[in-house]
Amino acid sequence: MTDEIYMQRCIDIAKRGIRAVAPNPMVGCVIVIQDKIIGEGYHERYGEAHAEVNAINNVANKSLLKNATLYVSLEPCSHLGKTPPCCDLLIQKGIKKVVVGTKDPNPLVGGKGIEKLKNSGVDVSEGILKEQCLELNKRFFTFHEKQRPYVILKWAQTLDGFSDQIREDGEQKINWISEPETKTLVHKWRSEEQSILVGRNTITNDNPSLTVRDYGGMNPIRLVIDSQLQISGNLNIYSKDAPTIVFNRVKDKKENNVEWIKIKETSTSNILEELYRRGIQSVFVEGGSRTLQYFIIDNVWDEARVIVGQKYFKEGYKAPIINKVPIKSMPFGKDMIHYYKRK
């Protein structure tokens, strides 16, 4: 077998740690001898053992490690954090060959792990499936390199380009565009991100819960932009299902699971700066159209997922406009989903 096959296995098992390991990166590790996997592991939960430790612990005969090759999707850590340095363990176990997917952008690591292994006589090769390894931890890399969360935009629109209908007399309901099975997919997407953001009009018009009801996973932190604190009442976003942060220009306050954060201006830059300060590595922006368009205009987005349902509204609120060609378009039931990347 080739290095790429084993590295792909590292990536596949690393994905099992999504959300559970944040703010740490997802990492997978495979230990091989004579084209046979003798141990594998992944980082399962923040503050607990790293992938390399779990993989080594799963090797039944530890004497084989001295002749084995260790594959890991991200450079082994060389600093003492919540767990001991993985580099020290690899050296201690006598592992002579290590294959790394990509370097760690964290300043605490940043090539130091690879350097430490090489200085101890370990044969280290890097860059195997590098692009796939970068994609695996796109949230982690963006957070450390751009000092902001990874931003994913999502909306649904009709075949004639509308994202909602005009409400009459304060009517509060969700005008569904996509099919029920697509809703489950969206809840899966929500479960993969640390936070979810909407504007005031979405709360007023739809009264959404912004939770993961139709998919097994963790609820994201709910973020609401309400500059002048115009929303009130018994709203779903105030439920105890998840923490809620309300960005506003009026007050700072915390009450149970709801926190009001006063910022000078409810701009995308100020909001992302505050999320970065709080260690939130990803945000899923769901609406409404104006909020989404601000992120597009300010050029502070990384991905967009646009669901096109088989409906016509003929009039209403126009969907956001994104002047790019999708990187891929895929049918999902009766709906079509277009995927975009900013770069």
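**Exercise 1. Find the residue with positive phi that follows helix α10, then sort the helix into its buried and exposed sides.**

Step 1. Go to the end of α10 in this predicted model. N299 follows the helix. Its phi is positive, near 60 degrees.

Step 2. Now take the helix itself, residues 289–297. Look for residues under 20% relative accessible area, the cut-off for buried. S289, T291, L292, F295 and I296 are buried.

Step 3. Look down the axis of α10. The buried residues fall within an arc of 165 degrees, so they line one face of the helix.

Step 4. Turn to the other side. R290 and I297 are exposed there. For exposed, the cut-off is over 50%.

**Exercise 2. Which strands pair with β12, and in which sense?**

Step 1. Start with β10, residues 244–248. β10 and β12 are joined by five bridges, in the parallel sense. Across this pairing, I245 stands opposite E259 of β12.

Step 2. Move to β11, residues 253–255. Three bridges connect β11 with β12, and these two strands run antiparallel. E255 has V258 in β12 as its bridge partner.

Step 3. Inspect the turn. β11 and β12 form a hairpin with two residues between the strands. N256 in this hairpin takes a positive phi near 55 degrees.

Step 4. Check burial. β12 covers residues 258–262, and four of its five residues are buried, so the strand is largely enclosed by the rest of the structure.

**Exercise 3. In what order do the strands of the five-stranded open sheet stand, and which helix packs on the sheet?**

Step 1. Trace the sheet. The order is β2-β1-β3-β4-β5, with mixed pairing.

Step 2. Find the edges. β2 (36–42) and β5 (123–126) each have a single partner strand, so one side of each is left without a neighbour in the sheet.

Step 3. Follow the twist. From one strand to the next, it averages 15 degrees.

Step 4. Take the pair β3 (residues 69–74) and β4 (residues 97–102). They are parallel, with five bridges. Y71 stands opposite V99 in β4.

Step 5. Add the helix. α4, residues 112–119, packs on the sheet and touches β4 and β5. The direction of α4 makes about 150 degrees with that of β5.

Step 6. Keep one rule in mind while viewing any sheet. In a regular strand, side chains alternate between the two faces of the sheet.

Terms used: Residues are numbered from 1 along each chain as its sequence is written. This is a predicted model: local features need pLDDT of at least 70, side-chain atom pairs count only at pLDDT 80 or more; totals for chains, interfaces and linings use all residues. Side-chain values use heavy atoms; hydrogens and water are left out. Buried means under 20% relative accessible area, exposed over 50%, partly exposed in between (1.4 Å probe, protein chains only). Two strands pair if DSSP finds at least two bridges between them. Axes are lines fitted to C-alpha atoms, for helices over the stretch in contact, and angles run from 0 to 180 degrees between N-to-C directions. Contact means heavy atoms within 4.5 Å. The arc is that of the directions from the helix axis to the C-beta atoms.
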